[in-house]
Amino acid sequence: MLFRSFSVSSILVPFALGTAIGGIATDRVPVGNALGHLFSSWLNPTSILIGVLAVVISAYLAAVYLAADAAHLGDESLEREFRYRALGAGVVAGAVAIGGIFVVRADYPQLFHSLLSGGALSAVIISALAALATLALVYVRRFETARYTAAAAVAAVIAGWAAARWPTILPGLTVYRAAAGHDTLVWIVVAVLGGGAILFPSLALLFRLTLTGRFQAQEEPEGQLEARGALGMSPRLLARLAVAFLIAGLGLLNIADASWTHAVGVISIAGFIITGFLAVVSDGLRSEETVP
């Protein structure tokens, strides 16, 4: 019974998220509380389409990632099962996406034309190419690389939706009008960094235990893990990059006033979080390998 509850929730959550995105994308959710139709704002052809697509994409991503984990563990039967599921879910996701073009065109032509112009069209093309590359990589059992291309395909879909709607979020409400003040944004960044100081060491420990085989019943063969940092960089270099990103991000967010400098500042803060996390994980892997 517990497993069935988890299964049902794993379907309902992405479906509900997709219907919410569909309602926003088709301007059926106006600004203000308790506005818009109680049912048709969320239950319409585009919302149902995006909800179904979200469920299929979630199953697709899960199968790709679990196939990579099974390959890493050396479980050939489990790898084979998830490989078939990844290929099947990928084909279904592509079919739903292609069929969805006609649904969106009939239900909300404005969104259809927005997706076929400007930056949204570029994101759609990138998503399609990344999805095809993922299917090819899964077919030839290059699961580790397939993880990144699958994530890129989904990220491009989200970027395409944002580009098609930009700068409008809700009818009559743009990103600039909805944005908080400069001081509020700065404190949000500070709060995120403070929370990251607590969260990321825990995540680094979890990744270290996973990558060094501490969660497995059998120990990995000696010398299997190499003392190299992430992306081929040493932990020391990653740490220096993290400090540089942090200084640049805080400086651009607090000193500069132009909107593009704030965007670069946010990207720099994200670079600090990523490189700092990779530095901690890489240093942990290296320290584990030096223990006799």
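This is a short tour of the structure, stop by stop.

**Before you start.** The model is predicted: local features need pLDDT of at least 70, side-chain atom pairs count only at pLDDT 80 or more, and totals for chains, interfaces and linings use all residues. Residues are numbered from 1 along each chain as its sequence is written, and side-chain values use heavy atoms, with hydrogens and water left out.

**Whole chain.** Show the protein chain as a cartoon. Look for ten helices and two strands. Helices (H or I, at least four residues) and strands (E, at least two) are DSSP runs, numbered from the N terminus. The order along the sequence is α-α-α-α-α-α-β-β-α-α-α-α. Of the 292 residues, 30% count as buried. Buried means under 20% relative accessible area, exposed over 50%, partly exposed in between (1.4 Å probe, protein chains only).

Now switch on the surface. The accessible surface comes to about 18,000 Å², and 70% of that belongs to carbon and sulfur atoms. Areas come from the Shrake-Rupley method with a 1.4 Å probe; for residues, only the protein chains shown count as cover.

**Stop 1: Leu38.** Select Leu38, in the loop between α1 (2-25) and α2. Is Leu38 buried or exposed? Leu38 counts as exposed, because its relative accessibility is 65%. Add Phe39, Trp42, Leu43, Ile48 and Val52: together with Leu38 they make a nonpolar surface patch of about 590 Å². Patches are made of residues with over 30% relative accessible area and no salt bridge: like charges are joined within 9 Å, nonpolar side chains (Val, Leu, Ile, Met, Phe, Trp, Tyr) within 5 Å. A salt bridge is a side-chain nitrogen of Lys or Arg within 4 Å of a carboxyl oxygen of Asp or Glu.

**Stop 2: Thr46.** Move into helix α2 (residues 45-73) and pick Thr46. Thr46 counts as buried because its relative accessibility is 0%. Which residues does Thr46 contact, leaving aside neighbours within four places in sequence? They are Gly22, Thr26, Val103, Val104, Asp107 and Leu111. Contact means heavy atoms within 4.5 Å.

**Stop 3: helix α6.** Select residues 143-165. This helix has 23 residues and reaches 33 Å from first C-alpha to last, close to the 33 Å expected at 1.5 Å a residue. The expected span is 1.5 Å times one less than the number of residues. Colour the buried residues of α6, among them Phe143, Arg147, Ala150, Val154 and Arg165.

**Stop 4: Tyr176.** Finish in helix α7 (residues 175-178), at Tyr176. Tyr176 is exposed because its relative accessible area is 59%. Beyond its neighbours within four places in sequence, Tyr176 contacts Trp166 and Pro167.
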